[in-house]
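Open the model in your viewer and set it to cartoon, with side chains ready to switch on. Shall we take a walk through it together?

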Amino acid sequence: MDDFAKQLQEQEKALEKIRNKLALLPDLPGCYLMKNADGKIIYVGKAKVLKNRVRSYFTGSHDGKTQRLVADIRDFEYIVTGSNIEALILECNLIKTHQPRYNVLLKDDKTFPYIKITNEPHPRLEVTRRVLKDKAKYFGPYPNAYAAQQTKKLLDRMYPLRKCGVMPKEVCLYYHMGQCLAPCEKEVPQEEYDRITQEITSFLSGGHEEIKKELQRKMQEAAEELYFERAKELRDQILNIEAIMEKQKITTTDTKDRDVLGFAVDKGWMCVQILYMRQGKMIQRHASVFPFYGEAYSDFMSFVTQYYSDNPALPKEILLPDMPKGEEAEDSSRPEDAGESIDAGGGAASLQEWLGIKVLVPQRGTKRQLVAMAEENAKVSLDEKFRLIERDEERTSKAAANLGQYIGIESLHRIEAFDNSNIQGTNPVSAMVVFIDGKPDKKEYRKYKIRSVQGPDDYDTMREVVRRRYERVLKENLELPDLIVVDGGKGQISAAIDVLQNELGLFIPVCGLVKDVKHRTAQLMVGDPPEPISLPRDSQEFYLLQRIQDEVHRFAITFHREQRGKSMVASKLDAIPGIGEKRRKLLLKHFGSLKKIKEARIEDFRPLSIGDKLAGQIIAALQEEES
């Protein structure tokens with residue numbers, strides 16, 4: 001109680017400090033950094049007017065996600081900037097530096113792949129996720145590594161740049177296949193590299209139609225000159241271009257390269273959809289789904305800013321959705337040459353100024369239809385995520401309910417499963433897992449070291465574990481399971497029922513899972529005496545039983561390995577004369593492992609008050625045992 005009162009007192013003190021700082025906020029643009037009780041930055045935002053934006057967090061009502069953020073805030077600081085563009089860049093850099101918990105984060109392991117033409121005397125093509133300032137040419141980003149690798153594979157066949165990372169001493173197979181100019185042995189003029197680089201640049205920038213026409217001309221020439229093999233190679237290249245580069249869904253009248261973005265939000269999650277249009281054709285799309293905590297449009301713009309901050313292959317134009325009604329505008333300026341577009345107050349003008357390309361918020365016409373398509377795709381992706389979760393939960397719950405009907409149980413909410421593990425009776429252990437409505441509840445798992453059973457007696461082991469578990473359940477008034485699952489057949493089931501009914505007075509259904517010769521779940525047995533139940537092997541109910549058996553077996557085996565490992569360490573040291581339990585624990589605590597004890601020098605044992613003679617015996621004994 002004292003701790004709770006102290007916590008409330010500290011919280012009230014922090015809120016009083018925040019109220020005093022709110023009164024001093026300036027009417028200027030900048031960034032604000034929210035901190036928790038430990039002083040850690042948990043959210044970074046930007047504002048056209050710091051006073052209005054920061055105050056809004058501590059006045060009025062908020063949705064559940066924002067309430068969670070506000071509840072964690074104990075302090076804030078702010079940085080004034082000279083303009084909205086400076087605030088945009090600063091926010092992006094602060095998010096990358098501090099990785100705040102409540103910000104939308106474009107994590108490093110989620111960076112997109114690019115195709116790169118290296119800046120070397122003998123250039124080559126690479127697929128990379130690292131964008132460096134190395135004067136190389138980058139193309140992309142690609143929605144996934146497969147799309148980038150397939151495109152590179154096509155270019156490698158079409159253009160004979162070197163393929164090897166380190167220059168070899170003699171020509172390789174690629175030269176004989178006509179896919180390398182062999183700079184390792186031949187002098188390649190710079191003009192040739194310039195021509196190839198120009199063609200690849202044209203191809204990746206959307207000019208593959210011109211490349212295809214040129215290949216068709218060369219194919220006809222080869223066929224007329226009766227070079228049929230060469231004509232076939234050129235024909236295959238044309239087919240590959242059509243297969244990889246022309247997966248389009250929509251075209252526009254112009255041939256401008258543009259990215260079209262849309263987003264959707266639901267249940268505290270956001271999906272951002274990016275449609276990549278090159279040479280007027282939509283060639284790829286990419287969806288990112290993540291939780292968000294702030295204002296939807298503000299967090300969307302934060303994602304967009306991070307995405308383009310590290311993007312070396314910018315399009316000519318970016319199309320953004322309008323700000324939803326009800327969200328506070330932070331930047332109401334209009335981008336230059338917006339035409340039928342406006343800046344909805346979400347910082348499009350600042351983004352345009354920073355990136356140096358057109359950033360539009362279209363209100364009507366074809367461009368608005370493209371944004372609507374991106375928004376619809378984002379909504380579909382988000383709906384699909386929730387439908388998959390619901391379907392999986394529904395299927396799992398239904399499987400648990402149906403399994404209860406097979407066994408004759410009206411309600412099957414809680415299942416507890418047991419498994420024993422030992423090797424020829426050594427280090428016997430048992431484990432219990434719990435499934436609630438068909439899903440594992442790991443905080444309820446329990447491990448047992450077997451105390452009373454000597455040797456590999458599976459039935460007595462089952463009796464001991466069941467007795468210990470349900471004596472505790474009765475003593476502490478814990479929730480009883482609807483079904484107990486044991487690993488085994490008639491003997492294990494009878495042992496468990498005997499303890500439950502005759503010793504504890506509990507009448508809980510017990511079933512056993514019998515394995516086949518390949519140690520796979522084969523049959524379900526229920527009752528007293530136990531009888532097999534016919535359960536289709538391809539049913540969700542059978543699959544649920546397999547998952548339960550696999551999980552309890554995994555948990556038991558892991559525990560047994562831990563105990564066996566400790567036992568082996570103890571036995572190796574205990575076998576050395578002069579080493580008892582006290583010295584064994586001292587040695588392991590000081591050195592950390594047997595390996596380090598074995599590799600130690602005699603003088604390393606002196607701080608433990610172990611003489612040089614005994615130290616030598618310890619090292620010799622461990623090395624001798626290994627050999």
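This tour of a predicted model visits a helix, a cavity and a pair of helices.

**Stop one: helix 11**

Select residues 348-355, which form helix 11. Six of its eight residues are buried, so the helix is largely enclosed by the rest of the structure. Switch on the side chains of A348, A349, S350, L351, Q352 and L355 to see the buried ones. What covers them? Bring up helix 4 (84-98) and helix 10 (296-309), then strand 10 (317-319) and strand 11 (358-360): the cover over the buried residues includes these four elements. Before moving on, click on G356, which follows helix 11 and has a positive phi, near 80°.

**Stop two: a cavity**

Now turn on a cavity display if your viewer has one. The structure holds two cavities of 30 Å³ or more, and our stop is the second largest, with about 40 Å³ of space. To find its lining, select C164, M167, P168, V171, C172 and Y175, then add C180, A182, P183 and C184. Colour this lining by residue class and you will find ten nonpolar residues, with no polar and no charged ones.

**Stop three: helices 13 and 14**

Finally, select residues 458-475 for helix 13 and 490-503 for helix 14; their axes come within 9 Å and cross at roughly 35°. The crossing is right-handed. On the helix 13 side, show D458, Y459, M462, R463, V466, R467 and Y470; they meet G491, Q492, A495, A496, D498, V499, L500 and E503 of helix 14. This contact brings together eight nonpolar, two polar and five charged residues.

Note on methods:
Residues numbered from 1 in each chain as written. Predicted model: local features only at pLDDT ≥ 70, side-chain atom pairs only at ≥ 80, totals over all residues. Heavy atoms only, no water. Buried < 20%, exposed > 50% of the residue type's maximum accessible area, 1.4 Å probe, protein only. Helix = DSSP H or I, 4+ residues; strand = E, 2+ residues; numbered from the N terminus. Contact = heavy atoms within 4.5 Å. 1 Å grid on protein atoms, 1.4 Å probe; cavity = no way out; pocket = protein on both sides within 12 Å on 5 of 7 lines; lining within 4 Å. Points joined across faces, edges and corners; volume = space filled by probe spheres on them. Nonpolar A, V, L, I, M, F, W, Y, C, P; charged D, E, K, R; others polar. Axes fitted to C-alpha atoms, helices over the stretch in contact; angles between N-to-C directions. Left-handed = near helix turned anticlockwise from the far one by under 90°.
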